[in-house]
Amino acid sequence: MSTSDHPPPPPPTKNHRLQRRLLCITSCTLMAVGTVGGPLLIRLYFSHGGSRKWLSSWLQTAAFPIILLPLSFIYSSSSSASSPFFAEPRLVFASAVIGLISGLTNFLYSDGLSYLPVSTSSLLYSTQLPFTAVFAFFMVKQRFSFCSVNTVALMTLGAVLLAIRKDGDRPPGVSGSQYTVGFVVTVLSAALLGLIFPCIQFSYAKAKRVITYAVVLQFQLGVSVFATVFCTVGMLANHDFAAIPREAKAYDLGETKYYIVLVATAVLWQFSFIGTAGTIFYTSSLFAGVYTALLLPFTEVAAVIAFRESFSGEKGMAMALCLWGFVSYFYGVYKEGKGPPMTTSETAKEAEMGETRGPEDAV
């Protein structure tokens, strides 16, 4: 897309910058709540008698109707009433492709989490960062500084430390081969997530229509719908819908709490995906990858507290490396004089993406 497709963006007003900052903070908050809480609830499902991997995958996007609430509010306002509700066809197509990839990613993640402790799974999932960095470099012309390269190296090293002692925290009842399968599929899901982040940013850059937060929500709605369809097919093939009532009655925590766990899992994961889409829009795919990697150690600590999982020296070192990497990333941003990612100017953001999008309307 040439830079002539859109008129040059006007200088952002003070209210516009404040609105972007608030929406970015909201997106990061939703992403944090879902990224930390979602894996804990899935592990809670598996650890007390749940065994349906397609069901746990389906739950990660099944709460997509939640997105209709903010969308309805946005389009009921006078400032957006004249805007078309449906996204342009190329964005719908992109959301369909990314949604199918997300469905596969969710299944691989659930499969791995059924064999791994949450703490190990979370730190392994931080390997999405190097994949994000590579795909972002080729797809959206992501520029790298010494600090960003250092961040990728540190967080990757954290995952390598876990691989050295991969059998040290095998859950009871999980064989060595199952643990290895869980290890491998979790890394594969992280690789796909690393592809998804730049794909979302690339889709925003290639859009013909001006991208607003409302369009971001529409895009995420499409991704969630197609991911849910993908997992629904798997559930039907595996007869998971018919097994839910039987599994609920046999659940260790009771039938009522079984359904509470399912609903809460779906809501928290939807928060995560909505927050991720907004974070990529207001910052970049690389920042979303770094932020995800930062949140995963907090998931690890929560898992140690909630499930009394072991906290080995390797896990402690991996967590320290993730935190060090995150600080390194922000130091690089500060050193370049750009300020925090949420206050990066539209011009700098477009240069990072290698595209010009056009002015962003107020929500």
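Select helix H10 (residues 240-250) together with H11, whose axes come within 7 Å of each other and cross at roughly 120°; axes here are lines fitted to C-alpha atoms, for helices over the stretch in contact, and angles run from 0 to 180 degrees between N-to-C directions. That angle makes H10 oblique to H11, on a scale where angles under 35 degrees count as roughly parallel, over 145 as roughly antiparallel, 65 to 115 as roughly perpendicular and the rest as oblique. The crossing of this pair, H10 and H11, is right-handed, a crossing being left-handed if the near helix is turned anticlockwise from the far one by less than a right angle, and right-handed if clockwise. To see the contact itself (heavy atoms within 4.5 Å), show the side chains of Ile 244, Pro 245, Glu 247, Ala 248 and Lys 249 on H10, and those of Glu 255, Tyr 258 and Tyr 259 on H11.

The model on screen is predicted, and local features need pLDDT of at least 70, side-chain atom pairs count only at pLDDT 80 or more, while totals for chains, interfaces and linings use all residues. Residues are numbered from 1 along each chain as its sequence is written, and side-chain values use heavy atoms, with hydrogens and water left out.

Next, step back to the loop between H9 and H10 and select His 239, which is found there. His 239 has a positive phi of about 60° although it is not a glycine. With a relative accessible area of 57%, His 239 is exposed, where buried means under 20% relative accessible area, exposed over 50%, and partly exposed in between (1.4 Å probe, protein chains only).

Keep H11 displayed and add helix H9 (residues 213-237), whose axis comes within 10 Å of that of H11 and crosses at roughly 135°. H9 and H11 are therefore oblique to each other, and H9 passes H11 in a right-handed crossing. On the H9 side, select Tyr 213, Val 216, Leu 217, Gln 220 and Ser 224, which meet Gln 270, Phe 273, Ile 274, Ala 277, Gly 278, Phe 281 and Tyr 282 in H11.

Follow the chain out of H11 to Thr 283, in the loop between helix H11 (255-282) and helix H12 (285-307). At 5% relative accessibility, Thr 283 counts as buried. A polar atom of the Thr 283 side chain lies 2.4 Å from the backbone oxygen of Thr 279. If Gln 201 is added to the selection, its C-alpha atom is found 9.6 Å from that of Thr 283, although the two residues are 82 apart along the chain.

Continue into helix H12, where Thr 292 is found. Thr 292 is buried, with a relative accessible area of 5%, and a polar atom of its side chain lies 2.8 Å from the backbone oxygen of Ala 288. Leaving aside neighbours within four places in sequence, Thr 292 is in contact with Met 31, Gln 128 and Phe 197.

Now select helix H4 (residues 89-113) and helix H8 (residues 176-206), whose axes come within 8 Å and cross at roughly 165°. That makes H4 roughly antiparallel to H8, and H4 passes H8 in a left-handed crossing.

For the next stop, select the sulfur atoms of Cys 24 and Cys 28. A search of the whole structure finds 0 disulfides, a disulfide being a pair of cysteine sulfur atoms within 2.5 Å. Cys 24 is in no disulfide, and the nearest cysteine sulfur, that of Cys 28, is 4.2 Å away. Seen from the other end, Cys 24 holds the closest cysteine sulfur to that of Cys 28, and the separation of 4.2 Å is too far for a bond. Cys 24 is buried, with a relative accessible area of 1%, and Cys 28 is buried as well, with a relative accessible area of 10%.

Finally, clear the selection and display the whole protein chain, which has 14 helices and 0 strands; helices (H or I, at least four residues) and strands (E, at least two) are DSSP runs, numbered from the N terminus. Of the 363 residues of the chain, 54% count as buried. Among contacts in the chain between residues at least 6 apart in sequence, 86% join residues at least 24 apart.

Terms used
Polar contact = N/O pair within 3.5 Å; in protein donor to acceptor, adjacent residues only side chain to side chain.
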